[in-house]
Amino acid sequence: MADSAADRRYPWLEEQLANGATVVTGSRRLARDLVDVWSERQTAAGKLAWETPSIHYWPDWLSRFLTNADDPSLVPQQLNALSVSILWEKSLAGRVPDGVLNVGGVVRQSSLAWQRLCQWSVPVNALAASASTDDERLFAAAAKEYTDRLHEDGWTDPGGIPAAVLELLRNDPTLVPRQVALAGFDRLSPAAVGILQVLEEQGCRVTEVPAAEHSQHIRIASFADESAELRAAGRWAQQVLASYPSARIAIVVPRLENAADRTARLVREGLVPGWQYGGAPHRAAANVSFGRRLVDYPSIAVALLLLRWVTRGLPGAEIGILLRSDLTGSVEKGGRARLELALRSHPDREWTPAEFCGVMTGLDDTHDAFAFVEMADSLVAHAAASEEKRLPPIEWVKRVDALLELAGWPGSGPQDSKAFQLVNRWRELLNEFAQIEVVAENLSWPEAVARISSLAAETVWQPEVGRGAVQVLGPLEAFGMEFDHVWLCGMDATQWPAPSRPLPFVSRALQRERDMPDATPADTLGFAHRLLKRLTGSAPACVLSWSEMCEDAEQTASTLLDGIDSSSDTNLDDIADPGWAAATFVDQVSTVVIENDQAPPVGADENVRGGAYTIQRQYKEPFSAFVFGRLGIRTPDPYVTGLSPSVRGNIIHNALHNLLVERPDQAAMAGWSSDERMRRIGSAIDAALERQGRHADAVLQRIIGLERRRLYKLLANFLDSECMRPQFTVTEVEKSVEYRRVGLALDFQIDRIDQLPDGRLLVVDYKTGATKSFLAQDGSLKDMQLVAYVDALQSDVAGMTFINVDPRGIILRGAGEGWRKKEDPDWHETLGDWIEVLHEVVAGLAAGDASIDIRQHASDGRSLNILSRLQEQKRVS
């Protein structure tokens, strides 16, 4: 079967090209496939070179006539899609009601409707004559203004190209080809018929190649849902290829443009199980015909972010994308990662380049961090140079190129074929933008960027890659193509026939009068019948399938299947759903072996991070201590607008430090007058908020004002609580202590140390947020932090306590004496037991104990699951 695949398909092709015919197709995909088949035949014939065949997609063929005209004065100037949109915007301006939110959608619908009207040769005055609703009258008036502008300035849009070609052919017979063969057309529009009639009048022979009628073996199958259906189609293709490696296989999927990526993943699931781990060749096995919007490609999204950042602020999350991206500057990103961590520590806002530079300049002196800040500073200069200027589009294109080059876009690394093609498509897009000069006045920078962004959002693009083992196509793309095997998905009643889509803004009566597509239900049904016949006849073997459920809705088979003469073969084993590839590993779980790798002991020069909190992690879940304390992994703070809980906690800690930095005793605190107390509280708060206020915008300044009032009350309550405790003197605030044991060195910072009248010490740690206690309800030790502090001090400690500082109340949770008016005769014995536990924990950390606590809840270990494989550990334990 496979050896003669190219010869069997399109049997008319060689004769038509040998006779000098120009082959014109109804789809670009068919034109590309015909060129591929012709090239394969030349290669099979032993040829090393051959003349490029004259095979063209209909719109491209028409444009060639205008391009090749000997006298350019006979050809109107062609407007590109963006210019057409701008012209429609102007024509609709003042007519669209103010309540319409999506004006861009109205512009797109108007442009598409006008192109269809041109194809069906509907004059603009017929719109007004048939209009019966406000929308129809609005569109008719806008279309009249639009066409008047085209005629006045000698322009034509895509819809007007057939009329321009018709006029050109009448005036210049030398452009007429000798023979034209039409392939892949369902029905020709009146405009197309007019062109073909003129060609015939000029001596051209016009023929329509016969539709393929290969189908000899049709099977029909149903599946539980769409996922099962697409997986089964992939598995079927895999089995066909196993027998016929060179077979041309197509999987046809309705509405492919709405879910191209998802469809590709599901087809690959059956075609190449485990494709996620196989790299590019496995992903390319299924070639999906529908591309993505340019703006959805990361490199284009990054370019647009840079352009937008010039004149308006970006939120931290978007600046983080620029900092992490390989598409801006150096591949080295250590310094830039630290810049992002610093950015996350600030209240989020719309950061302008100037504000970003003000906060980040001098923060990190590595080359990549310095270069990024320097790039952001250049955007400030660019914004100043562009402010209030209105320039022609071509001038803005030059500045866009210069700005992106300055930013290092699209990166310094080598580009593969897809990346190279994408950059070229971006440059083509900029050229398209430059061409709007004929219809647009001079633009400001924000207007230019908005136009470029809009064009990128509306432009669908796909890189040119190999054909792939299996082609995944939409029904209209597959129309006219021929294959060895074809599978038609989605044959349920909701998709076959497809919903009718008559033109918006145009009266139904006019559409019926002109016999336009989807003007009547009968027209829609008739097209569905013709389309299905062509698709089932496109290959000798065909499978038709539908899914019984779509989400929670039951589905039925399309009534179009009733007229299909399907095979009596009831063996459907080769088209069964293979299920998810990953599910096959579930049955093998008993064979999974998870090695209990022992981390190496802490080295003599190793820097263990996290202080006492690393000891606490080791106490509760040693693996997290290894990850955060020894590997140095950090969980980035989320971007939070305003003051995040962690920032508020730091502010409270700083305010408490500032309030007690002079180390007063309790009597001195109680003796402060009301004015003195408020002055001290105010000074402590002002110093604590200084960093946040340094670069605050107007909104953040208001938030800081509210936070200041909250802190006044909080610190006043704190002082009241302190004055009710047993007598003490503050001796240390934020004391740094080095803790050394069994070769392990950790740096602690103790919030506060009080001295009691008998000379003993009380260790204090502030907590904010929910009330915290280091003892469980049964009295057992829950938190190791304060015990570690006591052991590090090597002093006579009477007690230790958490002071929970919260607007709802100041709550102390401690052990021993000095934090409450109660003695604890068992304190030293209890403390000794706790320190023994501490020493065991520290010894485990130093020895490399990184065991995983499989008893913890999945939510507690979620952030480390990818490293700990917690769920796998639970399954095999």
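**Notebook: one predicted protein model**

I began with Glu 340, which I located in helix α16, a helix that covers residues 334–344. The model I am reading is a predicted one.

**Entry on Glu 340**

I asked whether Glu 340 is buried or exposed. Its relative accessibility is 6%, and because buried means under 20%, I recorded Glu 340 as buried. I then looked for a polar partner of this side chain, and I found that it makes a polar contact with the side chain of Arg 324, at 2.4 Å. Which residues touch Glu 340 once its neighbours within four places in sequence are left aside? I listed Gly 320, Leu 323, Arg 324 and Tyr 639. Arg 324 thus appears in my notes both as a contact of Glu 340 and as its polar partner.

**Entry on the whole protein**

I next turned to the overall form. I noted 35 helices and 20 strands in the protein. The C-alpha atoms fill a box of roughly 115 × 70 × 55 Å, taken along the principal axes. For the radius of gyration I wrote down 37 Å, whereas a compact globule of 877 residues would have a value near 29 Å. Of the 877 residues, 48% are buried. The protein exposes about 42,400 Å², and carbon and sulfur atoms supply 50% of that area. I also looked up how contacts are spread along the sequence: among those between residues at least 6 apart, 75% join residues at least 24 apart.

**Entry on helix α31**

How many residues of helix α31 are buried? I found that nine of its nine residues are, and I described the helix, residues 785–793, as mostly covered. Among these buried residues are Leu 786, Val 787, Tyr 789 and Asp 791. I then looked up what they pack against. The helices on that list are α25 (612–620) and α32 (827–847). The strands on it are β16 (729–741), β17 (744–755), β18 (761–768) and β19 (797–806). After α31 comes Gln 794, for which I noted a positive phi, near 50°.

**Entry on Arg 677**

I placed Arg 677 in helix α29, which spans residues 674–694. Its relative accessibility is 18%, so Arg 677 counts as buried. Not counting residues up to four places away in sequence, Arg 677 touches Trp 672, Ala 716, Leu 719 and Asp 720.

**Entry on Gly 184**

Where does Gly 184 lie? I found it in the loop that runs between β5 (179–183) and α10 (190–201). Gly 184 counts as buried because its relative accessibility is 16%. Setting aside neighbours within four places in sequence, I recorded contacts of Gly 184 with Gly 26, Leu 30, Phe 479, Gly 480 and Arg 534. I also looked up the separation between Gly 184 and Leu 659, which are 475 residues apart along the chain, and their C-alpha atoms are separated by 83 Å.

**Entry on a surface patch**

Finally I examined the surface. Which residues form a nonpolar patch there? I noted Leu 631, Ile 633, Ile 866 and Leu 867, with about 390 Å² of accessible area together. I followed one member of the patch further: Ile 866 lies in helix α34, residues 865–868. Its relative accessibility is 68%, and because exposed means over 50%, I recorded Ile 866 as exposed.

Terms used
Residues are numbered from 1 along each chain as its sequence is written. This is a predicted model: local features need pLDDT of at least 70, side-chain atom pairs count only at pLDDT 80 or more; totals for chains, interfaces and linings use all residues. Side-chain values use heavy atoms; hydrogens and water are left out. Patches are made of residues with over 30% relative accessible area and no salt bridge: like charges are joined within 9 Å, nonpolar side chains (Val, Leu, Ile, Met, Phe, Trp, Tyr) within 5 Å. Accessible areas come from the Shrake-Rupley method with a 1.4 Å probe; for residues, only the protein chains shown count as cover. A salt bridge is a side-chain nitrogen of Lys or Arg within 4 Å of a carboxyl oxygen of Asp or Glu. Helices (H or I, at least four residues) and strands (E, at least two) are DSSP runs, numbered from the N terminus. Buried means under 20% relative accessible area, exposed over 50%, partly exposed in between (1.4 Å probe, protein chains only). A polar contact is a pair of N or O atoms within 3.5 Å; within protein, one must be able to donate a hydrogen and the other to accept it, and residues adjacent in sequence count only if both atoms are side-chain atoms. Contact means heavy atoms within 4.5 Å. The radius of gyration is taken over C-alpha atoms; the globule rule is 2.2 Å times the number of residues to the power 0.38.
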